[in-house]
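Visitor: I have the sequence and the model in front of me and would like to know how to read them. Where should a beginner start?

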Amino acid sequence: MATFVKFTLDGKIYLSEDGAPLVEAARACGVFIPTLCNYTGIPPKGACRICTVLINGLPATACTTKVVEGLNVQTSTPELESFRQAIVEILFAEGNHLCPSCEKSGSCELQALAYRYRVTVPHFPYLFPRRDVEAWHPKLLKDHNRCIQCKRCIRGIRNPAGKALFAFGKRGDRVVINIDPVTSQNISDALAQQAMDICPVGAILRKGKGFDVPIGRRTYDRTPIGAELRS
Amino acid sequence: MPKKIIATASLAGCFGCHMSFLDIDERLLDLIELVEFDKSPFNDLKEFSRACDIGLIEGGCCNDENVHTLINFRQRCRVLVAVGECAIMGGLPSLRNVIPLQECLAEAYLHGPTVAGGATPNVIPHDPDLPKILDRVYPCHEIVKMDYFLPGCPPRADLIWDALVALVTGQELKWPYATFKFD
C-alpha cells in the first residue's frame, strides 16, 4: 500500500504519495508547474529546466524531484517566472520557429508557454540555424527546424516489438533527433499519431494530418496552458 | 489634445498587417478623431511631411531600401512599433535565411523549375535602380531600436486597436489572451 507524506507547496500543506514526481503531485493538488520535456507516463529527463522550482530554497527541476516527507516547495516567484520566460525565449531564438507556417501552431506547448509569459520578442538574437526537413518517411515528417531536443519521442515511442523509433545523434548544441529509417518504413497510423502527439512542438508530424483543426478550436486558442490549475 | 501623427510602412511583408489594421472596421471613424496619418500606404503619401508620434512597421528588412526606410522611420517617429511576425522575427521571408544568398538567387533566376529558357541567357537581375537584396532577412530590432512589438500573423485587429488606444491615451496595454497569437 502506498504511503502518504506531507509536503508544502507555496506555503500550503498537501498530502501526496511518497516518491511521486513533484510535477504530478503538484498537478494532483491543483498547482500548475510548467513543463516541456516532461510527459506523463514516460521517465523524466530534466532537460528543459522550465519546471525549475525552489526546493527548501534551492532551485531544482520538479520533474526529476520525488516527493518526500517535509519537502518545502515554492513553485512561483518573480525570479522563477523570469527564468522560465528566458528559457522559452532561448528556445525560440535557437531554432527556426515560424509559427505562421507551422502545422502545430495553436496546439504547440512551446507557443502556449510563450503566450502564457506574453513573449513578444526574445531578448536573445535569432540564430537562424541551417537544419533539414526529413520528408521521406512514409508516415512521418521530421522538421529539425522546430525541434527543441526534449527527447520525449526517444523516451516514449516504441514499435510493438519494443524497438525505439527515435534516437539522438551528435552532442551539445549540434544534437539531432533521428528517426530509424528501417523501423519507420512500416509503422501503424496509431503509432505515427502517438509520435506526433508526444512532440510538444511541430517537429514530428503525421503526414496528411496538418491543419486539420480549424483556427479557434485548437488546444490553446482560447484556453491558456495550465488554465485548469492554479499557478 | 492635439491629434497624434501616425506613419506606417510595409517592408518585407505582405500587407496583411495593414489589412488587419483596416479590420478595426467602424472604429476607424473613432480613430480618425484621435490621429492623423502622415507617410503611409493608406493615404499614399510617399514622403514624411513632419515629425510623427507613432510609426508602425510591417515586415522585416530583406533589401537595402527596407533598411533606409526603417532608419528614416526611426529618425522621424517618436515611438516605433514592430507590427506582425515578419517585423518581429523575419517571418516567412526569413525561410531563406538558412540558404546562402547565391543559392537562393540561382534557384530563382537561373536553375529553378519555373525559369524559362529564352533566346538570351538567364541572368540574376542587377540593375542599379533595383534595391540590393541583403544576405538574409533581418528582424527590425536588429537594424534600429524598436519600442514595442505586436505579435500575430497578422496581429488581430482588436490587438492593433488596443495598442493604438494605449499609445494615444498613454494607458498600459492589457494583452488579452484572445488577441495574443503568433499565427
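Guide: Start with the terms: two strands pair if DSSP finds at least two bridges between them. Helices (H or I, at least four residues) and strands (E, at least two) are DSSP runs, numbered from the N terminus. This is a predicted model, in which local features need pLDDT of at least 70, side-chain atom pairs count only at pLDDT 80 or more, and totals for chains, interfaces and linings use all residues. Residues are numbered from 1 along each chain as its sequence is written, chains are lettered from A and ligands numbered from 1 in the order in which they are written, and side-chain values use heavy atoms, with hydrogens and water left out.

Visitor: In what order do the five strands of the open sheet in chain A stand?
Guide: Strand 2 (12-17) and strand 4 (58-61) of chain A are the edge strands, each pairing on one side only. The pairing in this sheet is mixed, and the twist averages 40 degrees from one strand to the next. Read across the open sheet of chain A, the five strands come in the order 2-1-5-3-4.

Visitor: Which residue in the turn between strand 1 and strand 2 of chain A has a positive phi?
Guide: Strand 1 (residues 4-9) and strand 2 of chain A run antiparallel and are joined by six bridges. Within that pairing, Thr8(A) has Ile13(A) as its bridge partner. The two strands form a hairpin with two residues between them, and the turn residue with a positive phi, about 50 degrees, is Asp10(A).

Visitor: Which residue of strand 5 of chain A is the bridge partner of Ile55(A)?
Guide: Strand 3 (residues 52-55) of chain A pairs with strand 5 (residues 72-74) of chain A in the antiparallel sense, over two bridges. Within strand 5 of chain A, the bridge partner of Ile55(A) is Val73(A).

Visitor: What angle does helix 2 of chain A make with strand 3 of chain A?
Guide: Axes are lines fitted to C-alpha atoms, for helices over the stretch in contact (heavy atoms within 4.5 Å). Angles run from 0 to 180 degrees between N-to-C directions. Helix 2 (residues 78-94) of chain A packs on the sheet and touches strand 3 and strand 5 of chain A. Its direction and that of strand 3 of chain A make an angle of about 155 degrees.

Visitor: Why is one side of strand 6 and of strand 10 of chain A left without a neighbour in the sheet?
Guide: Three strands of chain A form an open antiparallel sheet in the order 6-7-10. Strand 6 (133-134) and strand 10 (204-206) stand at its edges, so one side of each is without a neighbour in the sheet, because each has a single partner strand.

Visitor: At what angle to strand 10 of chain A does helix 5 of chain A run?
Guide: Strand 7 (residues 140-143) and strand 10 of chain A run antiparallel, joined by three bridges. Lys142(A) stands opposite Ile204(A) of strand 10. Helix 5 of chain A lies across both strand 7 and strand 10, and its angle to strand 10 is about 145 degrees.

Visitor: How far apart are the C-alpha centres of domain 1 and domain 2 of chain A?
Guide: Domain bounds come from an automatic or database domain assignment. Chain A is divided into domain 1 (4-76) and domain 2 (85-206). In domain 1, 14 residues are in contact with 17 residues of domain 2. The distance between the two C-alpha centres is 25 Å.

Visitor: Which loop of chain A holds Arg118(A)?
Guide: Most residues other than glycine have a negative phi, and most peptide bonds are trans. Arg118(A) has a positive phi, near 50 degrees. Its loop is the one between helix 3 (109-116) and strand 6 of chain A.

Visitor: Which two residues of chain B does a cis peptide bond join?
Guide: Chain B has six helices and seven strands. One residue of the bond lies in the loop between strand 7 (148-150) and helix 6 (157-169) of chain B. Omega is about -5 degrees, and the residues joined are Cys153(B) and Pro154(B).
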